[in-house]
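Hi,

Here is the structure I promised to pass on. Have a look at it first, and then read my notes underneath.

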Amino acid sequence: HSSGAALAFTFQEGQFKEELEACLACLRKEPAERSDEELNYVRLSLGFVEFFRKVEDLMPQNVVEVLREAQMQDLSIMKHVFEQGDRADGMYIIVQGGVDVFVLNKQTNEAFKVCTLTAGESFGELGLVHVKPRSATVVTNQPTQLLFISREVYQKELHSVLEAEDALKRDMLSHRGVLRVLKDSPQVVRKFTRCSSIKKVRAGTVLVK
């Protein structure tokens, strides 16, 4: 049984690598050369990316357009993606590889690592909606493939729909005790809704075991 499970895992891992390579090949093309068929394949294959999972049910076609205009970046190890204090102009999704996030202590002028991010995770989201300097330095810790989504692409394809979803979540949650308590703290409520998601489930679905 164990050898069969190992064989199945090896097959799944190999299949995932093939899908990932096909995705990377598409995203390395110029935007105008990426076909709808290829982009839909990429959309479905990148289901492990949390950012895309959040918007997939709402607007799959918008995801395709984001992927059409997103920029692929192939970086070697120890490359700085951006520095603390740089102008924020968009967000990054880790398709393959990983990064370390550092914050500079201005009093001691020393940088300390706050976290490590891996494939499927994203960073720099504040750069989508706020024109503020980067709050941290991000450095690759291995060869890494990143997908960059600019503020302009986000505003054009996703902003209005995500804002509408946030408004719906705030309305739904305003009738629950936790947000009634926080009604005088709109910024906290906004962060709460940004971290939550709406799920459609069928009747009889087990939610918690």
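Below is what I found in it, going from the overall fold to single residues.

Keep in mind that this is a predicted model, so every value below is computed from predicted coordinates.

**The overall picture**

The protein comes to 9 helices and 8 strands. Of its 209 residues, 33% count as buried. If you take the contacts with a separation of 6 or more, residues 24 or more positions apart account for 73% of them.

**Two open sheets**

One open sheet has 4 strands in the order β2-β7-β4-β5, and the pairing is antiparallel. Its edge strands are β2 (80–82) and β5 (110–118), each of which pairs on one side only. From one strand to the next, the twist averages 30°.

At the β2 edge, 2 bridges join β2 to β7 (residues 137–140), and these two strands run antiparallel. If you want a spot to click on there, F82 stands opposite V138 in β7. Over at the β5 edge, 8 bridges join β4 (residues 98–105) to β5, again antiparallel. One place to look is V101, whose bridge partner in β5 is C115.

The other open sheet also has 4 strands, this time in the order β1-β8-β3-β6, with antiparallel pairing. Here β1 and β6 stand at the edges with a single partner strand each, so one side of each is left without a neighbour in the sheet. Strand β1 (71–75) is joined to β8 (residues 144–150) by 5 bridges, and the two run antiparallel. In that pairing, L75 stands opposite T144 in β8.

As a general reminder for looking at both, strands of a sheet pair through backbone hydrogen bonds, either parallel or antiparallel.

**The rings around F82**

This is the part I would zoom in on. The structure holds 4 aromatic pairs. A pair of rings is described by the distance of the centres and the angle of the planes, so here are both for two of the pairs that involve F82.

F82 and Y92 form a tilted pair, at 5.8 Å centre to centre with 45° between the planes. F82 lies in strand β2 and Y92 in strand β3 (residues 90–96), so this pair ties together parts that are 10 residues apart in sequence. F82 is buried, and Y92 is buried too.

F82 and F123 form a tilted pair as well, at 5.8 Å centre to centre with 55° between the planes. This one links distant parts of the chain: F82 is in strand β2 and F123 in strand β6 (residues 122–123), 41 residues apart. Both of these residues are buried.

Which residues end up in the cluster that the ring pairs make? Ring pairs link F82, Y92, F123 and F148 into it. F82 also has a charge to deal with: the charged end of R134 sits over its ring, 4.1 Å from the centre.

**Two residues with positive phi**

Most residues other than glycine have a negative phi. Two that go the other way are worth a click.

- M78 has a phi near 65°, a positive value in a residue other than glycine. M78 lies in the loop between β1 and β2, and at 59% relative accessibility it counts as exposed.
- N109 has a phi near 60°, also positive in a residue other than glycine. N109 belongs to the hairpin of β4 and β5, which has 4 residues between the strands. With a relative accessible area of 58%, N109 is exposed.

**A buried serine**

Last one: is S45 buried or exposed? At 12% relative accessibility it counts as buried, because the cut-off for buried is under 20%. S45 lies in helix α2 (residues 36–45). A polar atom of its side chain lies 2.9 Å from the backbone oxygen of Y41. Leaving aside neighbours within four places in sequence, S45 is in contact with E19 and C23.

If you open just one view, make it F82: this residue stands opposite V138 in β7, belongs to the ring cluster with Y92, F123 and F148, and has the charged end of R134 over its ring.

Cheers

Note on methods:
Residues numbered from 1 in each chain as written. Predicted model: local features only at pLDDT ≥ 70, side-chain atom pairs only at ≥ 80, totals over all residues. Heavy atoms only, no water. Pairing = 2+ DSSP bridges. Axes fitted to C-alpha atoms, helices over the stretch in contact; angles between N-to-C directions. Buried < 20%, exposed > 50% of the residue type's maximum accessible area, 1.4 Å probe, protein only. Polar contact = N/O pair within 3.5 Å; in protein donor to acceptor, adjacent residues only side chain to side chain. Contact = heavy atoms within 4.5 Å. Phe/Tyr/Trp six-rings, centres within 6.5 Å; stacked < 30°, edge-to-face > 60°. Lys NZ or Arg CZ within 6 Å of the ring centre and 35° of its normal.
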